[in-house]
Amino acid sequence: MSIKEVKDGVMLEVYVKPKSEKFSIELRDNEIVVRCTEPPVKGKANKEIERELSKLFRRKVVIVSGHRAPHKRILVYGLDSENVKRAIVNFKG
């Protein structure tokens with residue numbers, strides 16, 4: 001799984017599928033797949049991802065790379081990898 005602890009929290013490597021029916025996050029073949037409802041236009045999908053993941057993890061979440069690509073690196077501040085994994089596995093969209 002692409003979850004790595006770093007100095008400020010946890011770095012996630014995710015694959016994003018925009019314009020989905022509803023927001024969801026899942027593990028598929030050892031990859032984190034984030035489906036968002038917004039289109040990848042003018043940062044709308046990125047804003048939705050940061051907002052929804054902030055709600056899920058109850059922490060500040062920032063996309064650090066991949067702003068214009070489907071593969072993104074996302075930093076979740078102030079959590080460890082176990083808490084991030086648990087939140088992803090238990091996500092009920």
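In this predicted model, A69 is partly exposed, with a relative accessibility of 31%. A69 belongs to the loop that joins β5 and β6, the latter covering residues 71-77. A69 and V84 are 15 residues apart along the chain, and their C-alpha atoms are separated by 23 Å.

**F57 and helix α2**

F57 gives a second distance to V84. F57 and V84 are 27 residues apart in sequence, while the distance from C-alpha to C-alpha is 7.0 Å. F57 is part of helix α1. With a relative accessibility of 5%, F57 is counted as buried, because the cut-off for that class is under 20%. When neighbours within four places in sequence are left aside, the contacts of F57 are L12, V76, L79, V84, A87 and I88.

V84, A87 and I88 also appear among the buried residues of helix α2, which spans residues 81-89; S81 completes that set. Viewed down the axis of α2, the buried residues fall within an arc of 130°, so they line one face of the helix. The buried residues of α2 pack against the strands β1 (3-6), β2, β3 and β4, and also against helix α1 (44-57).

**Strand pairing around β4**

Strand β4 consists of residues 31-35 and pairs with β2 (residues 9-17) in the parallel sense, over four bridges. One of the bridge partners in β4 is R35, which is matched with K17.

β4 also pairs with β3, residues 24-28, here in the antiparallel sense and over five bridges. Among the bridges to β4, I25 is partnered by V34, and R28 is partnered by E31. β3 and β4 form a hairpin with two residues between the strands, and in this hairpin D29 takes a positive phi near 50°. In a regular strand, side chains point alternately to the two faces of the sheet.

**Loop residues with positive phi**

Two loop residues, K19 and R58, are listed below with their phi values and accessibilities.

| Residue | Phi | Loop | Relative accessibility |
|---|---|---|---|
| K19 | near 55° | between β2 and β3 | 62% |
| R58 | about 55° | between α1 and β5 (61-65) | 72% |

K19 is not a glycine, yet its phi is positive. K19 is classed as exposed because its relative accessibility of 62% is over 50%. R58 likewise has a positive phi without being a glycine. The relative accessible area of R58 is 72%, so R58 is exposed as well.

**The largest pocket**

The largest pocket of the model has a volume of about 190 Å³. Its lining is made up of 13 residues, of which P40, N46, H67, R68 and K72 are the closest to the centre. By residue class, the lining of the largest pocket holds seven nonpolar, three polar and three charged residues.

**Summary of the main elements**

Strand β4 has β2 as a parallel partner and β3 as an antiparallel partner. Both β2 and β3 are also among the elements that the buried residues of α2 pack against. F57, which is buried, is in contact with V84, A87 and I88, and these three are buried residues of α2. A69, by contrast, is partly exposed, and its C-alpha atom is separated from that of V84 by 23 Å.

Note on methods:
Residues numbered from 1 in each chain as written. Predicted model: local features only at pLDDT ≥ 70, side-chain atom pairs only at ≥ 80, totals over all residues. Heavy atoms only, no water. 1 Å grid on protein atoms, 1.4 Å probe; cavity = no way out; pocket = protein on both sides within 12 Å on 5 of 7 lines; lining within 4 Å. Points joined across faces, edges and corners; volume = space filled by probe spheres on them. Nonpolar A, V, L, I, M, F, W, Y, C, P; charged D, E, K, R; others polar. Pairing = 2+ DSSP bridges. Buried < 20%, exposed > 50% of the residue type's maximum accessible area, 1.4 Å probe, protein only. Arc of directions from axis to C-beta. Contact = heavy atoms within 4.5 Å.
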